[in-house]
Amino acid sequence: MTRAVCPGSYDPVTLGHLDVIGRAAAVVDELVVAVGDNMSKRAWFTPEERVEMLTAACAEWPGVSVALFGGLLVDFCRSQGASVVVKGLRSGADFDYELAMAQMNRRLSGVDTVYLPTAPEWSFLSSSLVREVAGLGGDVAPFLTPAVAARVRQRAEERILNSQPGQ
Ligand code: PNS
């Protein structure tokens, strides 16, 4: 039985992520979608909110579960009995960034990484661009599930209100 981990910060989960998760779920027996923190990014959603949105978005796939993780990804993989990490690749830039992480993870633990090419229609899409567009009042509904789009709209409004001087 192959158990794989699909890690990310998912802040928020996009249709690009869901494309990769759905395709990964079709080639492994069990897939754990692991929500972690990327220390170089400032999050809009708490880890718990991200897990909640992902759990709803992945509900249609029986072999998929969602969990929070902290610390090293390879330690989480070991705790889950997972031998493989699955990641989506949008571009050569992603590959350059991901290759060193995959090699480090393998050296640390023997856990290997398998890449799935992102569907071309989502190759430009990232959570950070979604946050930027939403934060500036743009429409991000085409890139998200309706439930996630509503959460992002609400968070964008809260952030605008909280940034008003004197409020
Ligand atoms: O969606 P992201 O921001 O690319 O996700 C990055 C994440 C959370 C998967 C990555 O930062 C990670 O694996 N963090 C765990 C810490 C860790 O294991 N670091 C060593 C990597 S070689």
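How far does a polar side-chain atom of Ser-9 lie from an oxygen atom of the ligand, and what else sits around that molecule? In this predicted model, the gap from the Ser-9 side chain to the ligand oxygen comes out at 2.6 Å. Asn-38 does something along those lines too: a polar atom of its side chain is placed 2.9 Å from a ligand oxygen. With Leu-73 it is the backbone that takes part, since one of its polar backbone atoms is 2.8 Å from an oxygen atom of the ligand. As for how much of the ligand gets covered, its exposed area when taken alone is 560 Å², and the protein buries 80% of that.

Now for the neighbours. The ligand is surrounded by 13 residues, and the closest of them are Ser-9, Asn-38, Lys-41, Gly-71 and Leu-73. Sorted by class, this shell holds six nonpolar, five polar and two charged residues. Two elements, strand E1 (3-8) and helix H4 (92-109), each bring at least two residues to the shell. H4 is the top contributor here, with three residues.

Next comes the hollow itself. The ligand takes up the space of the largest pocket, and that pocket has a volume of about 1200 Å³. Its lining runs to 43 residues, with Pro-7, Gly-8, Ser-9, Asn-38 and Lys-87 lying nearest the centre. Ser-9 and Asn-38 thus turn up again, having already been listed among the residues closest to the ligand.

Which elements build the lining of the largest pocket? At least two residues each come from E1, helix H1 (15-27), helix H2 (47-57), strand E4 (84-89), H4 and helix H5 (127-135). Once more H4 gives the most, this time with seven residues of the pocket lining. The lining as a whole is made up of 19 nonpolar, 16 polar and eight charged residues.

Finally, the loop between E1 and H1 deserves a look, with Tyr-10 and Pro-12 both placed in it. Is the peptide bond from Asp-11 to Pro-12 cis or trans? The answer is cis, with an omega angle near 5°. Tyr-10 has a backbone quirk of its own: its phi is near 50°, a positive value in a residue other than glycine. E1 and H1, the elements on either side of this loop, are also among those that supply at least two residues of the pocket lining.

Methods:
Residues are numbered from 1 along each chain as its sequence is written. This is a predicted model: local features need pLDDT of at least 70, side-chain atom pairs count only at pLDDT 80 or more; totals for chains, interfaces and linings use all residues. Side-chain values use heavy atoms; hydrogens and water are left out. A residue is near a molecule or strand if one of its heavy atoms lies within 4 Å of it. A polar contact is a pair of N or O atoms within 3.5 Å; within protein, one must be able to donate a hydrogen and the other to accept it, and residues adjacent in sequence count only if both atoms are side-chain atoms. Accessible areas come from the Shrake-Rupley method with a 1.4 Å probe; for residues, only the protein chains shown count as cover. On a 1 Å grid over the protein atoms alone, a cavity is a set of points where a 1.4 Å probe fits but cannot get out, and a pocket is an open set with protein on both sides within 12 Å along at least five of seven lines; lining residues have an atom within 4 Å of a point. A molecule sits in a cavity or pocket if more than half of its atoms lie within 2 Å of its grid points. Helices (H or I, at least four residues) and strands (E, at least two) are DSSP runs, numbered from the N terminus. Ala, Val, Leu, Ile, Met, Phe, Trp, Tyr, Cys and Pro count as nonpolar, Asp, Glu, Lys and Arg as charged, and the others, Gly among them, as polar. Grid points are joined across faces, edges and corners, and a volume is the space filled by probe spheres set on the points.
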